[in-house]
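This report goes through one protein model, from single buried side chains to the packing of the chain as a whole. The sequence and structure come next.

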Amino acid sequence: MKEQSKNHFISKFEKRLSEVLNKEHLIQNEINQIEKTVNSEEPWQDFEDEPWLEPERHCVFRLEQAGFLILFNDIFHFYLLNNECDSILGEGMKEDDSIMATVEEAVLFADYYTWLKSLKNVPAKSKLVTSLSHKQKMLALHYLGLDMSKYDNTKSGSILGDILGLDKGNTRKYLSYVSAGKNDVRTKKNLQAVLNLFEYQEIKDISSKIKSDIDSLP
């Protein structure tokens, strides 16, 4: 069998997954529909001739090889059990293009099923509880690129205080401490809280910078 490059089942599902809100339901339902299909002895619907039937199944996949149903199901299950199927294919089968098209589709379908199961088992990202202190908020703004060094510190602190709804005097004071040095703003505790925020959003360059700054503290 020739090696498949990109699994068209996965490509299509990834696109659909990006469009829906309830991703867990889409994944579980797709798994259910696959299991229903590969354990059925009923002929597949020809969605090309009757496209209005597809939404009734509420599945994303479309099977392009509608022949050799028993062979398709056998290959699907054998491949999942043994991670190969060449050993059960006779030479005559390998020379038949129609049969091999069904075999290759069944292998792709099995890989798709395995991928969906692994996708379902990925733990959901827990919600980040963000309750940053005044100092930590100033640090977060600093790492996002806020640079007020060329402006008057008192005026900048007053403006930022109004924007953030925080004490203007402390905002001005903390502005002096966010960029460098050991002080009561750039503590390991504060930096770690800000690091958690950027790691959760997977902003890797800023996270790396904060880690480096934490390591440089005495």
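## A buried arginine in a loop

R186 sits in the loop between α9 (168–175) and α10 (188–200). The model is a predicted one, and in it R186 has a relative accessibility of 6%. R186 therefore counts as buried, since the cut-off is under 20% relative accessible area.

What lies 2.7 Å from a polar atom of the side chain of R186? It is the backbone oxygen of V178. The distance is within 3.5 Å, the limit for a polar contact.

## A buried asparagine before the first helix

N7 belongs to the segment before α1. With a relative accessible area of 9%, N7 is buried. The side chain of N7 reaches the backbone oxygen of L108, at a distance of 2.9 Å.

## Overall makeup

The protein chain has 11 helices and zero strands. Read from the N terminus on, the order of elements is α-α-α-α-α-α-α-α-α-α-α. Of the 218 residues in the protein chain, 34% are buried.

## Aromatic pairs between α1 and α6

A pair of aromatic rings is described by two quantities, the distance of the centres and the angle of the planes. The model has 10 aromatic pairs. In one of them, F9 with F109, the ring centres are 5.0 Å apart and the planes meet at 55°. That angle is neither under 30 degrees nor over 60, so the pair is classed as tilted. F9 is in helix α1 (residues 8–17) and F109 in helix α6 (residues 97–121), and the pair thereby links distant parts of the chain, 100 residues apart. F9 and F109 are both buried.

F13 and Y112 make another aromatic pair, with 6.1 Å from centre to centre and 65° between the planes. An angle over 60 degrees counts as edge-to-face, so this pair falls in that class. Because F13 lies in helix α1 and Y112 in helix α6, the pair ties together parts that are 99 residues apart in sequence. Both partners, F13 and Y112, are buried.

The four residues of these two pairs also appear in one aromatic cluster, which is formed by F9, F13, F61, F72, F76, F109, Y112, Y113 and W115.

## Nonpolar cores

In soluble globular proteins, nonpolar side chains tend to be buried together. The largest nonpolar core here holds 32 residues. Which of its residues touch the most other members? They are F13, I34, F61, I75, F109 and Y112. Among these, F13, F61, F109 and Y112 are also in the aromatic cluster.

The elements giving two or more residues to this core are α1, α2 (23–38), α4 (69–82) and α6. The most comes from α6, with 11 residues. A second core, separate from this one, has 17 residues, including L191, F198, I206 and L217.

## A nonpolar patch on the surface

Nonpolar side chains are also found on the surface, where I159, I163 and L164 form a patch. Together these three residues have about 290 Å² of accessible area.

Is I159, which lies in helix α8 (residues 153–164), buried or exposed? Its relative accessible area is 52%. The threshold for exposed is over 50%, so I159 counts as exposed.

Definitions and conventions:
Residues numbered from 1 in each chain as written. Predicted model: local features only at pLDDT ≥ 70, side-chain atom pairs only at ≥ 80, totals over all residues. Heavy atoms only, no water. Phe/Tyr/Trp six-rings, centres within 6.5 Å; stacked < 30°, edge-to-face > 60°. Helix = DSSP H or I, 4+ residues; strand = E, 2+ residues; numbered from the N terminus. Buried < 20%, exposed > 50% of the residue type's maximum accessible area, 1.4 Å probe, protein only. Core = buried A, V, L, I, M, F, W, Y, C linked by side-chain atoms within 4.5 Å. Patch = residues over 30% accessible without salt bridge, like charges linked within 9 Å, V, L, I, M, F, W, Y side chains within 5 Å. Areas by Shrake-Rupley, 256 points an atom, 1.4 Å probe, with all protein chains shown as cover. Salt bridge = Lys/Arg side-chain N within 4 Å of Asp/Glu carboxyl O. Polar contact = N/O pair within 3.5 Å; in protein donor to acceptor, adjacent residues only side chain to side chain.
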